[in-house]
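Here's a quick tour of a protein model, with an eye on its pockets and a few odd backbone spots. Have the viewer open and follow along.

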Amino acid sequence: MKIFNALKQYSENKPIALSLGMFDGVHLGHQTIIKEINELAKERNLESAILTFTPHPRIAFNPNDDLKYLNTFEEKKMLLSKFGIQNLFIQNFDGEFRNLTGEEFIRKVLINTLHTKLLIIGYDHSFGKNRSGNFELLKQLAPELGYDVLQMEAVNLYNHNVSSTKIRKALEEGKINEANAMLGYHYPISGKVVDGKKLGRSIGYPTANIAVSKEKLLPKKGAYIVDVFVQNKKYMGMLSIGTNPTVNGEHLTVEVHILNFDKDIYGEDIQIHFREFLHEEIKFESLPLLIEKLDEDKEKTLGYFNTL
C-alpha cells in the first residue's frame, strides 16, 4: 500500500476508486465499502484508495473533546493494507481544509488532485463546510465531472447499524463480544512493557505493565481474557485495566499476566487482543482474597482457551 501524508505528495495521474472518512476501527461497515472498492477498481482498471484525516474532525472543531480512537494510525494503516487498499491519503484536517465547501472539496480534491473516477461513501456520510457535501451533491455533479458514485447500505448487528460510536460504547461498557462482532476482529491495544510496582510477582502472578497510547480507547475497567503477542508468538493472558484498588493504587494501569511465560520482556513492544470480559474491577480486603480471585480467573481463562 502506498501512503501519502499530504495530498500534494500525490502527482500520479492514475484514475482511482475512492472512499473517504475516518475509518476508525476499520469495522464491518468499513470492510463492506473496502470490498466493493477493491472489486470495482479491479473491474474498471482503477487503483483502490482511501482518503482519511488527522485529527478527527470532532477534535479539530473542539480541541477539548476527549475523544479516544479505536485504532492508532499504525493499526489503521495495517488494517487497510491487510484488506487490500492500494493507496492511502492522509489529509491534515486544518482550518483551510475544513473551510472547503462540499462542492469545492469535490472539484479541488476529489477530481483535480486525486483524479477520482469512482467514489463510494457510507450510508450517512457528509463532508465539507457545514456538512454541505452529501450523496445528493455527488450525484448532481457526477455527469459534469465524469465520475460514478455509489452509496453503501449500513451493516446491521444487534438490531442497530454498525458504527465507530457504537463500538466505543460497547467497549466502554465491557461488552467485548459485541465490539469484536462489529469490528470483525478482536479489539487490539499495544505498547511497550514498562516498570511497574512488581506486586504481581510477589503473589505468584507477575504482570507486564503496558504503556498504551493516550489517544487509544481502553475498554471498561476490569479483568479480561486476552491473547498476548510477544516477539511474534501468541500466548494466553489475563489482563487488568484499573487502579489496583486493593493496594490503594492511584493511577490507571494496564497489566497482563501471561500464562506459561517467564521471560524478561521489559522494553519490548507487545500486542493484546481482547477476547472476553471476566469481571469488574474489585477492591479486595486482603491479598489472599485477591490471589483466590486470580486463581479463579486463571481457571476460567484456561477453560476458555480449551474450548476454542
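## Backbone oddities

F23 sits in the loop that joins β2 and α1. Keep in mind that this is a predicted model. F23 isn't a glycine, yet its phi is positive, at about 50 degrees. Is F23 buried or exposed? With a relative accessibility of 4%, F23 is buried, because the cut-off for that label is under 20%.

R131 also shows a positive phi without being a glycine, here about 55 degrees. Look for R131 in the loop between β5 (116-121) and α6 (135-145). Its relative accessible area is 63%, so R131 counts as exposed, the bar being over 50%.

## A cis peptide bond

Going from T54 to P55, the peptide bond is cis, and omega is near -5 degrees. As for where that puts you in the fold, P55 belongs to the loop between β3 (47-54) and α2.

## The largest pocket

Now for the empty space. The largest pocket comes out at a volume of about 1200 Å³. Its lining counts 42 residues, and the ones nearest the centre are G21, M22, H125, S126 and R131. So R131, the residue with the positive phi, turns up again here.

Which elements supply at least two residues each to this lining? They are β2 (16-20), α1 (28-44), α2 (57-61), α4 (95-98) and α7 (164-172). Of the elements, α1 gives the most, with 4 residues. Sorted by class, the lining of the largest pocket holds 18 nonpolar, 16 polar and 8 charged residues.

## The second largest pocket

The runner-up, the second largest pocket, has a volume of about 1000 Å³. Its lining is made of 50 residues, with G200, Y205, P206, T207 and E255 lying nearest the centre. Two or more lining residues come from each of β9 (188-194), α9 (199-202), β10 (208-212), β11 (222-230), β12 (233-242), β13 (253-258), β14 (269-279) and α10 (287-306).

How many residues does β13 bring to this lining? It brings 5, which is the largest share. By class, you get 23 nonpolar, 15 polar and 12 charged residues around the second largest pocket.

Notes. Residues numbered from 1 in each chain as written. Predicted model: local features only at pLDDT ≥ 70, side-chain atom pairs only at ≥ 80, totals over all residues. Heavy atoms only, no water. 1 Å grid on protein atoms, 1.4 Å probe; cavity = no way out; pocket = protein on both sides within 12 Å on 5 of 7 lines; lining within 4 Å. Points joined across faces, edges and corners; volume = space filled by probe spheres on them. Nonpolar A, V, L, I, M, F, W, Y, C, P; charged D, E, K, R; others polar. Buried < 20%, exposed > 50% of the residue type's maximum accessible area, 1.4 Å probe, protein only.
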